[in-house]
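I opened this entry to keep track of what I looked up, beginning with charged pairs and moving on to the overall fold.

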Amino acid sequence: MNRKYRKTVIAGNWKMYKTPSETKEFMTEFKSIMPKGRWCDVALCVPAVCISAAVRAMRETRVGIGAENCNANASGAYTGEIAANMLLDAGCKYVILGHSERRAMGETNVDVNAKVLAALENGLIPIICVGESLEQREMELTMAHINYQVRAALSGVDAASLRRCVIAYEPIWAIGTGKTATSEQAEEVCREIRAIIRDMYGARAARGVSILYGGSMNAKNAAELLAQPDVDGGLIGGASLKPNDFATIIAATGEANE
Ligand code: PEP
């Protein structure tokens, strides 16, 4: 983390877990134990049907609520889809885009880019996920793959809008597997992502962009991962479902007693 130049962000990804009632219960418990300092931004990205309960519960807090996907179109005949402006109107601040679980369902780099542009146009903060498969890592294609994904996701995003983007490095082999990247592996790729941004937007923009690590981050390993200079926070799946664990990860960003 480097708090001098960029925000630390801890974001939860609830995936398809929790109902609106369970959301309410989580928020009540989480609010009572949430670290109170303002040293990092906290986001909880929840299933679409839980957004309104989450927004209502966290209204007076610093926790921003997010969605887990959006449609790239402003409106239209897209049954079952949700547009970025609808998420904003529902009280969302963030939206996760390009998660590997959605890419596995057929989402392409072109789709991710269109969604990023739609999110930015509508005032949402996109949390843009990139990450290699185990096969790509073993074939030493990690950096080439990440390079392509980052450049594709940010195609047409101007420098002013980049400042509102968060990038999350999520190696697919580490998501939901309990197999966390080592802090060296996480740092190496997050540093490379910053170098790509530097090449695209210049040194100042690169210094200011928050790059998160995601993939089996938990209450035990968070501090070590977050201590890396280019790891500006975490995107957390499983551990964000438990109020205590999520609060511990937030506290691990430091100054928990601020
Ligand atoms: C995720 O889904 O983005 C994620 C990082 O999941 P987990 O923390 O469970 O590996």
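I began with two residues that both turn out to be buried, Arg194 and Asp232. The model I am reading is a predicted one. Arg194 and Asp232 form a salt bridge, with the closest N and O atoms 2.7 Å apart. I noted that Arg194 lies in helix H9 while Asp232 sits in the loop between H11 and S8, so the pair ties together parts that are 38 residues apart in sequence. I then found that salt bridges with shared partners join Arg6, Arg194, Asp230 and Asp232 into one network.

Next I looked up Arg6, which forms a salt bridge with Asp230 at 3.9 Å between the closest N and O atoms. This pair spans 224 residues, from the segment before strand S1 to the loop between helix H11 and strand S8. Arg6 counts as buried because its relative accessibility is 8%, under the 20% cut-off.

For contrast in setting, I checked Arg151 and Asp199, whose side chains meet in a salt bridge of 2.8 Å, N to O. Arg151 belongs to helix H7 and Asp199 to helix H9. Asp199 counts as exposed because its relative accessibility is 56%, over the 50% cut-off.

I turned last to the fold, where eight strands, S1 to S8 in order, make a closed barrel with parallel pairing. Neighbouring strands are turned by 25 degrees against each other on average, direction ignored. Helix H9 packs on this sheet, touching strands S5, S6 and S7, and its direction makes about 145 degrees with that of S6.

Notes. Residues numbered from 1 in each chain as written. Predicted model: local features only at pLDDT ≥ 70, side-chain atom pairs only at ≥ 80, totals over all residues. Heavy atoms only, no water. Pairing = 2+ DSSP bridges. Helix = DSSP H or I, 4+ residues; strand = E, 2+ residues; numbered from the N terminus. Axes fitted to C-alpha atoms, helices over the stretch in contact; angles between N-to-C directions. Contact = heavy atoms within 4.5 Å. Salt bridge = Lys/Arg side-chain N within 4 Å of Asp/Glu carboxyl O. Buried < 20%, exposed > 50% of the residue type's maximum accessible area, 1.4 Å probe, protein only.
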